[in-house]
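Subject: A structure for you to look through

Hi there,

Here is the structure I promised to pass on. Have it open while you read, and click on each residue as it comes up.

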Amino acid sequence: MPKIITNTYLISAAKIIDGVGSLQDCIDLECRIHARGYDISVLTIEPLSADWHSELQPNSFRSGCGPIEALAQAQQLIEHGSHAVVITAEDYIKTGFSRAERLEKMSIYGIGYPLTEAYTELSQAFMQLHQIDDDQFKALASALFDNHQASYAAIEGQSPQIEPKWFEFITPLFRGVDCANPLVDFSGRLLLCSDELRQQLCLDKSDVLELAGVGLGQAAGDGKAHLSEISRYQHLTQAYQECCRRAEVDFCREFKAHRALLEVYTCYPVVPLAFLLSSGLVDSLDEVPHFLQQYPVTVTGGMNLARAAWNTPTLNALVECFQGLLDSDKDMAMVHGNGGLGYRQGVALLRKFPHG
């Protein structure tokens, strides 16, 4: 199969969480690009305030897979002649809503079918498919959280401080620590450009990353009626394989050789478990506990400990992977996105430039 040529580079990534951080370096680069007479295409990740069921506007993206979908469009734009694209997100979930407003906005399947119940039913379909019971699933969820805690402690230099109540079960399968924590104000930007513009800006190769591959997959629909199809995660396998094909990389081999970073989407335990199986990082759920003792599956510590602002946790992970990869001895980083109940799946691979 002929090589798919990519010439898209991530040149800046920045975020502010709860007032900590800065977007200025990214904005300054955008100003330099405008000063050279180039337009910058703007792609927007929609906030919680946007109506989940409204018609999606051009260049806007919705769901936890949205940032990966935006990367795919950015890559297409640059491959078809654009020179710069910025992906932007702003969502003040912590301070912009009352608790009642936040819960109402997050009830995307209706007040009578909350996300916790939807993901419990999805997990049960997944468990039936893989022939495991509640106790086995809970043990896997616990192993995942231990993995996230270890990653968080490595980043922060100390173990997370968690109130005992979060270790209580809020559904028959999930504890509070197993679910995403959305209480955060977030803003972030990713700036991508062509290699021609990168050279004009005199950006050193050691300061940028190649967007080596993006893969997307989508089930026929979302919600309760599509639980069976989503639980098989064939569309996640498709997204992963497409990303690896475009990047021409055997990610499993690179990751197990400790040459790659990984950020699996961790809103509920079933999602990272599905990724580990769909990617081939494990051949069966029996292998998961041993695998998790050897390899960190997030660079952030997961969406509960790192927190997650609605449609933006994947963008947050991309920002973390940008700097984390540049500062490490790893060669590449993979980021996974999951949309809705899992009907949208996306996988992106960032790589140090050049490669080969």
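Below are notes on cavities, one glutamine and some salt bridges.

Before anything else, keep in mind that this is a predicted model.

**Empty space inside**

Rolling a probe the size of a water molecule over the atoms shows where empty space is left. Here the count comes to three cavities of 30 Å³ or more.

The largest cavity has a volume of about 80 Å³. Of the 15 residues lining the largest cavity, H148, V177, D178, T266 and P269 are the closest to its centre. Which helix gives the most to this lining? That would be α5, with four residues. Both α5 and α12 (302-305) supply at least two residues each to the lining of the largest cavity. As for chemistry, the lining of the largest cavity has 10 nonpolar residues, four polar ones and one charged one.

The second largest cavity holds about 70 Å³ of space. It has 13 lining residues, and E263, M303, P313, T314 and A317 lie nearest its centre. Helix α12 turns up again, since α12 and α13 (313-326) each supply at least two residues of the lining of the second largest cavity. The largest share comes from α13, with four residues. By class, the lining of the second largest cavity divides into six nonpolar, five polar and two charged residues.

**One glutamine to find**

Next, go to Q149, which sits in helix α5 (residues 134-156). Leaving aside residues up to four places away in sequence, which residues does Q149 touch? They are P160, I162 and L305. Take P160: it is 11 residues from Q149 along the chain, and their C-alpha atoms are separated by 6.9 Å. Is Q149 buried or exposed? Somewhere between: its relative accessible area is 22%, so Q149 counts as partly exposed.

**Salt bridges**

The structure holds 14 salt bridges, and here are some to look at.

- K224 and E121 meet through their side chains in a salt bridge, at 2.7 Å from N to O. This pair links distant parts of the chain, 103 residues apart: K224 is in the loop between β7 (209-218) and α7 (227-232), while E121 is in helix α4 (residues 115-130). K224 is partly exposed, with a relative accessible area of 48%.
- E242 forms a salt bridge with R245, and their closest N and O atoms are 3.0 Å apart. Why are E242 and R245 separated by about one helical turn? Because they are three residues apart in helix α8 (residues 234-247). Each is partly exposed: E242 has a relative accessible area of 22%, and R245 has 34%.
- R253 and E254 meet in a salt bridge too, at 3.6 Å from N to O. R253 is exposed, with a relative accessible area of 51%, whereas E254 counts as buried at 10%.

There is also a network: salt bridges that share partners join D18, K94 and R307.

**Where to start**

If you want a quick way in, begin at helix α5: Q149 lies in it, and α5 gives the most residues to the lining of the largest cavity. Then try the K224 and E121 pair, which links distant parts of the chain.

Happy exploring!

Methods. Residues numbered from 1 in each chain as written. Heavy atoms only, no water. Buried < 20%, exposed > 50% of the residue type's maximum accessible area, 1.4 Å probe, protein only. Contact = heavy atoms within 4.5 Å. 1 Å grid on protein atoms, 1.4 Å probe; cavity = no way out; pocket = protein on both sides within 12 Å on 5 of 7 lines; lining within 4 Å. Points joined across faces, edges and corners; volume = space filled by probe spheres on them. Nonpolar A, V, L, I, M, F, W, Y, C, P; charged D, E, K, R; others polar. Salt bridge = Lys/Arg side-chain N within 4 Å of Asp/Glu carboxyl O.
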